[in-house]
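Here are my notes for you, written as numbered points. Keep the picture open beside you and take the points in order.

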Amino acid sequence: MTIFKKIADLQEYVSLQKASGASIGFVPTMGALHAGHSSLVEKAKRDGRFTVCSIFINPTQFNDINDFEKYPVSIDKDIEILINAGCDLLFLPSVAEIYPNGPENARTYDIGYLDTILEGAQRPGHFRGVGQVVSRLLEAVRPQYLYLGQKDYQQCMVLKRLIQLMNWEGETQVVICPTVREADGLAMSSRNRRLTDTQRALAATIYQCLVSIESKQNTDPFSTVQKECFDLLRDRGFEPEYVSLAEATDLTLLDNYKADTPMVALIAAKLGDVRLIDNLILNTQN
């Protein structure tokens, strides 16, 4: 695996790969890698892509400075994970490389509706920062394929919209890969490292709620299941932020299950000072 820290060096190398006929698959990350990240790299490799991964902890997408300061850093282990997954190139830029004129002067994109609901509402400015950094990374790598994990479902929708706003729909295709889970259903996340043993034993409650939302779609109104999930999460020590149902294609929020429509259930909740999110695409077939 080759490592670059400068955009110019990265672009020269990637251009050579493209000239030799390679298609580029890109996996942007903030490090603290786990099997979920590995699965994205492995998927890109199975698809026959020359696979580029970036590690950059982006300061502009943290609306809580404490969250930024506590974000885990494990670069040596991350490099080992990427090598084992078959990654071809790691881009490891500095803040100055990504934001040469300062983060406050980076170009922003108006994501619209997606920035006003769920994660957008709970974390003001978060998706603005995501758009800033991913647009810069896309300009640096210029991949044909962008590989993303379903766990951050709303972010996947945001980045699809970003590509539209950049007029890159003909250049970069988004590939959304299934969420990788622990044996008890907990979605793999870098934030899981911050859970205590007691919290870790409770954390899969979020997934249990999602499964309940899916299983009761033909028997109960969503409002009933939603209240059950809120109550269960609170009983187990969570501070739930939202338990929501939306159309899977565009995240239009729904008050109730909608027959013959792809839907996604989404949950965000804090356990201690660790904020967890997860989602599940619902099986709409009766």
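**Two helices, a sheet and some loops**

1. Let's start with a pair of helices. Helix 10 and helix 11 (residues 222-235) pack at an angle of about 165 degrees, and their axes are 10 Å apart. Angles over 145 degrees count as roughly antiparallel, so helix 10 and helix 11 are roughly antiparallel to each other. Helix 10 passes helix 11 in a right-handed crossing. Keep in mind, here and below, that you're looking at a predicted model.

2. Which residues of helix 10 and helix 11 meet? On the helix 10 side you'll find T205, I206, C209, S212 and I213. On the helix 11 side they meet F222, V225, C229, L232 and L233. Sorted by class, this contact has 8 nonpolar residues, 2 polar ones and no charged ones.

3. Next, the sheet. It is an open one, made of 3 strands in the order 7-8-9, and the pairing is antiparallel. Why is one side of strand 7 and of strand 9 left without a neighbour in the sheet? Strand 7 (238-247) and strand 9 (274-282) stand at the edges and have a single partner strand each, so one side of each has no neighbour there. From one strand to the next, the twist averages 15 degrees. As general background, strands of a sheet pair through backbone hydrogen bonds, in either a parallel or an antiparallel way.

4. Let's zoom in on one pair of strands. Strand 8 (residues 263-271) and strand 9 run antiparallel and pair over 9 bridges. If you want to trace the pairing yourself, try L266, whose bridge partner in strand 9 is N279. You can also try I267, which stands opposite D278 in strand 9. The hairpin of strand 8 and strand 9 has 2 residues between the strands, and in this hairpin G272 takes a positive phi near 65 degrees.

5. Now bring the helix and the sheet together. Helix 10 (residues 205-215) packs on the sheet and touches strand 7, strand 8 and strand 9. The direction of helix 10 makes about 25 degrees with that of strand 9. Is strand 9 largely enclosed or largely open? Of its 9 residues, 8 are buried, so strand 9 is largely enclosed by the rest of the structure.

6. Two loop residues deserve a look for their backbone angles. R142 isn't a glycine, yet it has a positive phi of about 50 degrees. You'll find R142 in the loop between helix 7 (126-141) and strand 5 (145-149), and at 35% relative accessibility it counts as partly exposed. N167 isn't a glycine either, and its phi is positive too, about 60 degrees. The place to look for N167 is the loop between helix 8 (153-165) and strand 6 (173-177). With a relative accessible area of 68%, N167 is exposed.

7. Last stop: S23, in the loop between helix 1 (7-19) and strand 2 (24-29). Is S23 buried or exposed? The cut-off for buried is under 20% relative accessible area, so S23, at 16%, counts as buried. Leaving out residues up to four places away in sequence, S23 touches G48, R49, F50, Q144 and Y145. To link S23 back to the sheet, try L276: the two are 253 residues apart along the chain, and their C-alpha atoms are separated by 34 Å.

Methods:
Residues numbered from 1 in each chain as written. Predicted model: local features only at pLDDT ≥ 70, side-chain atom pairs only at ≥ 80, totals over all residues. Heavy atoms only, no water. Pairing = 2+ DSSP bridges. Helix = DSSP H or I, 4+ residues; strand = E, 2+ residues; numbered from the N terminus. Axes fitted to C-alpha atoms, helices over the stretch in contact; angles between N-to-C directions. Contact = heavy atoms within 4.5 Å. Parallel < 35°, antiparallel > 145°, perpendicular 65-115°, else oblique. Left-handed = near helix turned anticlockwise from the far one by under 90°. Nonpolar A, V, L, I, M, F, W, Y, C, P; charged D, E, K, R; others polar. Buried < 20%, exposed > 50% of the residue type's maximum accessible area, 1.4 Å probe, protein only.
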